[in-house]
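Subject: Structure handover

Hello,

Here is the structure I promised to pass on. Please open it beside this email and follow along.

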Amino acid sequence: MTARSPLGPVHAPDPTSSVLAGHTVYGAPVIPPAGAPPGSSAPGHDAARTLCLRHLRDLGASADDGAHTAGPLRVTGPAGSVTLHLNWAGPMTDGPVDEVTVQAVTGLMHLHGRREGTGPRRLGVDYAATAAGVVAAQGVLAALLGRLRGLRTDTVETSVLEAALLTVAHYVAMATAEDDEPALPTAAMAPTTARTATTAPTTATTTTAPTMPGGSAAPVASPEAGVPPPFLSADGVRFEVECLTPEPWARFWALLDVPTTVAGRGWWPYVRRYADATAPLPPALHEATRAIAFDRIDVAARRSGAALCRLRPLTERVRELGLEDGDVIGPPWRIEPPATNGTPQAPGSFRGATRSVAAPSGSELPLTGLLVVEAGRRIQAPLAGNVLRMLGARVVRVEPPGGDLLRGMAPMAGDCSAGFLALNRDKQVVQADLGSPAGRATALELAADADVFLHNWAPGKAAELRLEAADLAAVNPSLVYAHASGWAGALGGADAPPGTDFVVQAYAGLGELLHPYDEEPAVSLITLLDALGGLVAAEGVLAGLIARERDGGRGRRVGSSLLSAAAVLQAPALEALASSVEEEQEEQEVGEARAVREGARRSTVQEGAGQEGTVQEGTGRGNGSSAAGRPRWGPADKPLATADGWLAVPGGTGIQQMCAALDIPYATAGVPGPAPSTPGTPGTESAGRRESLEQAVARRLAERSAADWVPRLRAAGLPAVEVCSDLAALEADPRLKPLFHRRGAAFLNAPWRFGR
């Protein structure tokens, strides 16, 4: 078995795998073997606990193979023992019991469904459980770090529910903001030199719509009026377009002969897709790409400065990683001592223990006394900084002169963007032009006294600013330098597209996983990877801090990326798919050899290997977009419509179980005339019979509201939940209210509880 790193080649010995050397995990779940079918809904498969264990083992911890239980997970090491309590619903009574119901309760289904505007939709990956596995590992690592620093932290508790809410916290803040005016800033904001990021300066002004080049306003489109990405070319290539400013957007569509007014109408919903999880673009944009071959569209993108990324199939990602049968995806971070630019480091120059808590009072969080300097933008690095803040660190955020323009992105909570505050509240702010000598000096001064320097700058930016890991190690050899990137060097050269959420989703093949096999691939318009990438980055920082403490205060360099976060999310599917891709390759090689022997000159394989882009009959495999590795759901595995809303039941609920819970006679439902003499085994119904049963279930659910059905179904033994269709209702739910606090909007509390 080989671990294939999503961050590129790993040179032995790998320092990442020694961080937790000497630690043992007890009570861990049995990790399914590589190639086992993914899906946390299957009995006995605890995806969150499994991922937590996997990451601890990636860092060098060993698992006691004789102590696999369903109870708490316990980690022992040189500094003592930490016990993890992880469950599905946290403090929520009558709450979710699996991945499907967590997605329903937390608003993930609602947000994912905004793309089509037809109601809530289930994510085809175990996103909530994946986030929870990372959050659980964060809690364990923070507790272990606290013990190394003199704190006695013995237990940590969290839940899948709280981890899922953490990934959508910025959406919840925007939905609950006091001011919901849709606006953008037109003037720079000017924070004071060292203030707390709770409000924006009163000089901020807003406008109701951005403008396109030339000054024409871009009117807002309603979801009913538009069609979301991805785009489709005349030769059948599905692709995403990324433009970070309006000028490339306007030039790109002009080169495709789209009128400026039409492109202008598309800019506002396009730029707001990161905030709204919807992108109702003018249909004329889609009509334009459908009439043009992809090669010509690609030329237009290069000439205009826009970036394209086609939606790649999962099989392509498997081959790119070099995954073979039995291989596993490696860790999502790289943790190693920093380069020093040739500056010698004396043994006494490290000071990792200087902020240890000498006299614990019983109230400190694990990172109390540590200083994090964050130069982050958008979501990934700010969310990572927010995680470290919630764990007790003091975070100083470096913003450009005038402040981060996203402070003015409505809706507002007081004088600052609610979405911005969801990620950046309670951070101190220092403004500096890092491209100037004075600004660089400010960054070096901050880094000299910091424990962590965290950024998510574009490739080459740190080198341009002369603020790379080696530069900062020269002024602080004990610094943990963390770069949360888009690609982490996996895509090199000038042709690499921007490492933004939706582009990385497309590149990683997530478009296939997020939707079931009978639908076209498409990325989610939720910022899935920005959020998960931020969590993974914070997890890597915690591991780097532990490595520093165990190495006499010697600093570390920590690398992670959105692409490596995607690999965490995809690992079960990619590892399961690896064996089938390997078999397919062998079949192709045999077929090609046969073709040569027969004197045939053809590029496709006959007798068992399908044409390019098709699905092989009976195998669900293909060289292009195919059913391979994609979700296959039953009728109850998706949100179920009721008289006034939607409900969800645990994944894997069968049609017979639904009929029983709804008092529908399974033997006769939807069957005209007398009951069949042999009703059949559940799951073996004919297509017509199954369709009749599904229609009977739909009719019965339409008789009552979701709120009425949930207690009835629970009384019948089916733990149903209402699907959240209004994010503002989360804070108002008395079962969830303790998880939030209000300061102009609803902000999520820390998802961990530490005990002694």
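Below is what turned up, going from the whole chain to single residues.

The whole chain

Keep in mind that this is a predicted model. The chain has 25 helices and 28 strands. Of its 756 residues, 56% count as buried. Now look at contacts between residues with a separation of 6 or more. Residues 24 or more positions apart make up 78% of those contacts.

The cores

The largest nonpolar core holds 140 residues. Five of them touch the most other members: L20, L56, Y127, L367 and F740. Helix α4 gives the most to this core, with 15 residues. There is also a second, separate core of 24 residues. W253, Y270, A301 and L308 are included in that second core.

Start with L20 if you want a way into the largest core. What does L20 touch, leaving aside its neighbours within four places in sequence? Its contacts are L56, L59, G60, A61, L141, L144, I546 and R550. L56 appears again here, and L56 is also among the five core residues that touch the most other members.

The cavities

How many cavities of 30 Å³ or more does a search of the whole structure find? The search finds three.

The largest cavity contains about 90 Å³ of space. Its lining is made up of L166, A169, H170, L383, N386, M390, A422, L423, R425, A746, F747 and L748. Four elements each supply at least two of the lining residues: α6 (169–175), α13 (380–390), α14 (418–424) and β27 (746–748). By type, the lining has nine nonpolar residues, two polar and one charged.

The second largest cavity has a volume of about 40 Å³. L20 returns here, lining this cavity with H23, A79, L144, L148, I546 and R550. Helices α4 (127–148) and α20 (528–550) each give two or more residues to that lining. Five of the lining residues are nonpolar, one is polar and one is charged. Three of L20's contacts, L144, I546 and R550, also sit in this lining.

A helix with a buried face

Next, find helix α10, residues 283–290. L285, H286, A288 and T289 are buried there. Why do they line one face of the helix? Seen down the axis of α10, the buried residues fall within an arc of 155°, so they line one face. What do they pack against? Their partners are strands β10 (231–232) and β11 (238–242), along with helices α7 (246–255), α8 (260–271) and α11 (294–304).

Two single residues

T158 is in strand β6, residues 155–159. Is T158 buried or exposed? Its relative accessibility is 0%, so T158 counts as buried. Set aside its neighbours within four places in sequence, and T158 still contacts L84, H85, L86, N87, V135, A136, P751, W752 and R753.

Q656 is in helix α22, residues 655–661. Q656 is partly exposed, with a relative accessible area of 31%. Look from Q656 to Y666, which is 10 residues away along the chain. Their C-alpha atoms are separated by 6.2 Å.

A good order for viewing is L20 and its contacts, then the largest cavity, then T158 in β6.

Best wishes

Note on methods:
Residues are numbered from 1 along each chain as its sequence is written. This is a predicted model: local features need pLDDT of at least 70, side-chain atom pairs count only at pLDDT 80 or more; totals for chains, interfaces and linings use all residues. Side-chain values use heavy atoms; hydrogens and water are left out. On a 1 Å grid over the protein atoms alone, a cavity is a set of points where a 1.4 Å probe fits but cannot get out, and a pocket is an open set with protein on both sides within 12 Å along at least five of seven lines; lining residues have an atom within 4 Å of a point. Grid points are joined across faces, edges and corners, and a volume is the space filled by probe spheres set on the points. Ala, Val, Leu, Ile, Met, Phe, Trp, Tyr, Cys and Pro count as nonpolar, Asp, Glu, Lys and Arg as charged, and the others, Gly among them, as polar. Buried means under 20% relative accessible area, exposed over 50%, partly exposed in between (1.4 Å probe, protein chains only). The arc is that of the directions from the helix axis to the C-beta atoms. Contact means heavy atoms within 4.5 Å. A nonpolar core is a set of buried Ala, Val, Leu, Ile, Met, Phe, Trp, Tyr and Cys residues joined through side-chain atoms within 4.5 Å.
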